[in-house]
Amino acid sequence: MGKKSAEIATLIRVQGWSVDEERRMLGQMLGREQALLDDRDRMDKELLAEQAVAAAQPVLAGHAYAAYALNHRERRANLETVLAALRVEIEQQRDKLAVAFRELKVLEEVQENWRIKERAEEARLEQVALDEIAQNLYLRQQ
């Protein structure tokens with residue numbers, strides 16, 4: 001392996017770490033998004049349960065349910081705002097991951113091109129050596 005190949009291998013390793021870090025961050029963001037979606041589902045189920053209680057006992061739950069419904073609406077709106085902002089961050093993180101991955105692929109292609117050139121040079125030098133041996137054998141026979 002030539003000097004260039006060793007250098008590019010180091011760059012590829014560093015870029016691979018960068019890709020892994022971007023993936024890890026994206027995974028964390030997706031986990032947060034799922035947690036928010038789970039919270040939203042839980043809040044909706046709680047609302048349905050409160051509605052059932054309020055419908056069963058309209059006299060006792062009338063004022064309490066109205067306050068609960070108002071609070072639920074505010075919490076839900078806040079959750080949707082946070083979720084929308086998180087989705088924007090997720091898209092930005094996906095873009096960062098795509099850029100890091102493209103950079104990694106470019107480095108890998110450069111490495112492969114250098115390997116091909118190194119092999120071609122080695123084959124050329126070997127052929128020169130074989131040609132010289134053949135020429136020497138021919139001259140000895142003459």
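By the bend at a residue I mean the angle between two fitted axes, one through the seven residues ending there and one through the seven starting there. Keep that in mind for the second helix. The model is a predicted one.

I'll start with H2. This helix covers residues 58-141, 84 residues in total. From first C-alpha to last it reaches 117 Å, which is close to the 124 Å expected at 1.5 Å a residue. H2 does have a kink, of about 35°, and its centre is Ala-64.

Now the packing. H1, residues 3-56, packs against H2 with the axes 7 Å apart and an angle of about 165° between them. Angles over 145 degrees count as roughly antiparallel, so H1 is roughly antiparallel to H2. The crossing of H1 past H2 is left-handed. What is the contact made of, by class? Between H1 and H2 there are 33 nonpolar, 21 charged and eight polar residues.

Last, the charged pairs. Side chains of opposite charge can pair when their charged atoms come close. Searching the whole structure gives 12 salt bridges. One salt bridge joins the side chains of Asp-39 and Arg-42, at 3.8 Å from N to O. Where do these two residues lie? Both Asp-39 and Arg-42 are in helix H1, three residues apart, or about one turn of the helix.

Note on methods
Residues are numbered from 1 along each chain as its sequence is written. This is a predicted model: local features need pLDDT of at least 70, side-chain atom pairs count only at pLDDT 80 or more; totals for chains, interfaces and linings use all residues. Side-chain values use heavy atoms; hydrogens and water are left out. Helices (H or I, at least four residues) and strands (E, at least two) are DSSP runs, numbered from the N terminus. The expected span of a helix is 1.5 Å times one less than its number of residues. Axes are lines fitted to C-alpha atoms, for helices over the stretch in contact, and angles run from 0 to 180 degrees between N-to-C directions. Angles under 35 degrees count as roughly parallel, over 145 as roughly antiparallel, 65 to 115 as roughly perpendicular and the rest as oblique. A crossing is left-handed if the near helix is turned anticlockwise from the far one by less than a right angle, and right-handed if clockwise. Ala, Val, Leu, Ile, Met, Phe, Trp, Tyr, Cys and Pro count as nonpolar, Asp, Glu, Lys and Arg as charged, and the others, Gly among them, as polar. A salt bridge is a side-chain nitrogen of Lys or Arg within 4 Å of a carboxyl oxygen of Asp or Glu.
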